[in-house]
Amino acid sequence: MGDGSPAGIHEPFTIEENISQLNAIDKSAVQLMNHAATALSSLTTPSPGSPAAAAERRNGADVDAHAAKVAFTGSTDAFLTALHNIDVRMKRQIMALEEAGIVDLNSASRADPNAPSRASLRPNGLGAVGSLDVGWLNSRSTKVERDMEAELWDKAKKLLESLRNEQ
């Protein structure tokens, strides 16, 4: 606090700093996927025909459950840490967009949860449009499932017809 600025007041990030932070978030997302892949690979055993299985047979190594558990735990811890860091930085970016007036997430309702809400058809950024919760509405419908199932049956039918026509 020796820089002369009052406590609690922060300088907004510049455009360059925001872009740099978004780039860092992008790199963290790649690390997130690497951690997920490492965690998943620690749980899988190599298939009998894979090069990894052949190397293990040559070395006489059996699957070490303890080492796999340690690798999985380490990878999931790193995954959750990276996910938390991305979450915090994305929230900062959303606040920056709100400060710039690019998005409006109705900060008055977030500041005072007991304040009366005004009816609005604009999304609030939390999955609600007005007093309707879109997620709740979507969870009550099976239309998407039915449409997807019909699409999959249609693809299967076309595949079988193409196989029959090839013979």
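This report walks through one protein chain, from its overall layout down to one residue and one helix.

**The whole chain**

The model is predicted. The protein chain holds six helices and two strands. Read from the N terminus, the order of elements is α-α-α-α-β-β-α-α. The two strands thus follow four helices, and two further helices come after them.

The chain has 167 residues, and 10% of them are buried. It exposes about 13,800 Å². Carbon and sulfur atoms supply 60% of that area. Now take the contacts between residues at least 6 apart in sequence. Of these, 49% join residues at least 24 apart.

**A buried serine**

Where does S75 lie? S75 sits in helix α3, which covers residues 65-99. Is S75 buried or exposed? S75 is buried, because its relative accessible area is 7%, and buried means under 20%. Which residues does S75 touch, apart from its neighbours within four places in sequence? The partners are H35, T38 and A39.

**Helix α6**

Helix α6 offers another view. It spans residues 143-166. From its first C-alpha to its last, α6 reaches 35 Å, close to the expected 34 Å. The helix is hardly covered. None of its 24 residues is buried.

The table lists the two helices discussed here.

| Helix | Residues |
|---|---|
| α3 | residues 65-99 |
| α6 | residues 143-166 |

In short, S75 in the protein chain is buried, while α6 has zero buried residues.

Notes:
Residues are numbered from 1 along each chain as its sequence is written. This is a predicted model: local features need pLDDT of at least 70, side-chain atom pairs count only at pLDDT 80 or more; totals for chains, interfaces and linings use all residues. Side-chain values use heavy atoms; hydrogens and water are left out. Buried means under 20% relative accessible area, exposed over 50%, partly exposed in between (1.4 Å probe, protein chains only). Contact means heavy atoms within 4.5 Å. Accessible areas come from the Shrake-Rupley method with a 1.4 Å probe; for residues, only the protein chains shown count as cover. The expected span of a helix is 1.5 Å times one less than its number of residues.
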